[in-house]
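Dear colleague,

Please find the structure below, together with its sequence. My notes on what was found follow it.

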Amino acid sequence: MTLLFSFIFAICTGPGLLESSSRVRLVGGPHHCEGRVEVEVNGQWGTVCDDGWNMKDVAVLCRELGCGAAMKTPSGTVYKPSTQIKETLIQDVNCRGSEDTLLQCEHSEDVYDCSYDEAAGALCKIPTVSHNVRLADGPGRCKGRVEVKHQEQWGTVCNAGWSLSAAKVVCRQLGCGRATLTQRCCNKATQGQGTIWLSQVSCSGQEVSLQDCPSESWGKNNCTHDEDTWIECEDPFALRLVGGDIRCSGRLEVLHKGIWGSVCDDGWGEKENQVVCKQLGCGEPLSLPVKARRSFGPGVGRIWLDDVRCSGKEQSLDQCGHRFWGYHNCDHKEDVAVICSEE
């Protein structure tokens with residue numbers, strides 16, 4: 001009976017229906033490609049029992065959601081619970097791996113002996129999504145009018161509801177540095193044209209992409225191009241560790257305006273070390289005895305950064321807060337040095 005149902009469902013969900021909104025979602029995770037699996041059946045959202053849940057099932061789910069490759073099959077219970085406990089709607093999911101949607105896979109809606117504690121979870125690789133957002137008509141790729149791509153058409157974002165937190169998401173998504181400015185755009189020369197795709201975008205600042213932030217429906221707004229959003233991000237900067245025997249240990253230097261300079265250790269700690277090692281692909285930071293730090297020697301020339309503050313979640317140091325470039329109260333005896341676990 002289950003096989004018959006799956007066959008009928010596959011026939012009914014032809015290309016016309018597959019273009020509609022997905023009937024599956026991941027909730028409670030840090031982004032739209034990780035979380036507890038929920039499906040919609042007969043207009044009701046509920047969980048998926050993890051009996052038999054495996055990587056083939058997750059692969060189909062990831063593809064349906066437009067995410068990257070399947071990574072893990074975590075328990076759904078590790079993600080923050082819904083405001084109300086959801087009913088388990090399907091179990092015994094068995095995908096071949098070639099299906100377009102999870103509900104095309106063999107499964108049973110006759111759920112028994114499966115509690116909420118057995119909810120399935122999924123972790124997919126985050127896709128490269130920067131090609132769906134850009135900064136237009138600015139002096140460089142990290143400054144300009146915010147535009148997003150939808151239905152193969154570029155359009156602007158209304159400033160209504162926009163905040164610096166949303167700007168942080170865009171800057172990070174584009175691989176730029178920290179957000180330094182957000183404002184209503186624009187003079188006539190830099191106003192957008194055509195469709196205004198988004199408004200009332202509400203980000204916490206922790207989202208992976210603008211796609212993860214709540215907003216009004218695509219194209220639904222009363223905005224004009226006088227309200228287009230303009231943001232400015234710092235340009236990304238390179239860094240290196242110098243003075244050590246291997247590339248993953250040494251005195252930290254950053255590149256700004258074509259000149260290498262050091263970083264002052266005021267407020268510097270373990271989280272900042274984590275970000276540096278991560279950015280350099282050097283594993284985890286190791287504890288650094290004073291003697292080891294001194295062995296790298298003091299820097300010369302510019303001290304570019306001071307009071308750097310990271311959460312540890314950043315992918316690169318340019319996403320961390322810091323004083324303006326070149327502003328500090330340090331000398332080279334306070335230069336930051338880092339030792340990472342890998343060579």
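Is W218 buried, partly exposed or exposed? At 41% relative accessibility, W218 counts as partly exposed; buried means under 20% relative accessible area, exposed over 50%, and partly exposed in between, with a 1.4 Å probe and protein chains only.

Before the other findings, a word on the source. This is a predicted model, in which local features need pLDDT of at least 70 and side-chain atom pairs count only at pLDDT 80 or more, while totals for chains, interfaces and linings use all residues. Residues are numbered from 1 along each chain as its sequence is written, and side-chain values use heavy atoms, with hydrogens and water left out.

Aromatic rings

A pair of aromatic rings is described by the distance of the centres and the angle of the planes. Rings of Phe, Tyr and Trp (its six-membered ring) pair if their centres lie within 6.5 Å; planes under 30 degrees apart count as stacked, over 60 as edge-to-face and the rest as tilted. By this rule, there are four aromatic pairs. One of them joins W197 and W218 edge-to-face, at 5.9 Å centre to centre and with 80° between the planes. Because W197 lies in strand β12 (residues 196–198) and W218 in the loop between β12 and β13, this pair ties together parts that are 21 residues apart in sequence. Helices (H or I, at least four residues) and strands (E, at least two) are DSSP runs, numbered from the N terminus. W197 has a relative accessible area of 7% and is buried, whereas its partner W218 is partly exposed.

F324 and Y327 also form an edge-to-face pair, with 6.2 Å centre to centre and 65° between the planes. Here F324 is exposed, at a relative accessible area of 61%, and Y327 is exposed too, at 54%. In addition, F237, W304 and W325 form one aromatic cluster.

Charges

The structure holds eleven salt bridges, a salt bridge being a side-chain nitrogen of Lys or Arg within 4 Å of a carboxyl oxygen of Asp or Glu. In one of them, R36 meets E38 at 3.4 Å, N to O. E38 is buried, at 1%, and R36 is buried, at 2%.

Which residues are linked with R134 in a network of salt bridges? They are D137, R145 and E147. Within this network, R134 and E147 meet at 2.8 Å, N to O. That pair links distant parts of the chain, with R134 in strand β8 and E147 in strand β9 (residues 143–150), 13 residues apart. R134 is partly exposed, at 35%, but E147 is buried, at 6%. D137 and R145 likewise meet at 2.8 Å, N to O; D137 is partly exposed, at 47%, and R145 is buried, at 4%.

R134 has a further partner, as its charged end sits over the ring of W154, 4.1 Å from the ring centre. A charge sits over a ring if NZ of Lys or CZ of Arg is within 6 Å of the ring centre and within 35 degrees of the ring normal. The charged end of R240 sits over the ring of W260 in this way, 4.0 Å from its centre.

Helix α4

In helix α4 (residues 164–173), the buried residues are A166, A167, V169, V170, C171 and Q173. What covers them includes β8 (133–140), β11 (179–184) and β13 (229–233). Just after α4, G175 takes a positive phi of about 75°.

Yours sincerely

How values were computed
Contact means heavy atoms within 4.5 Å.
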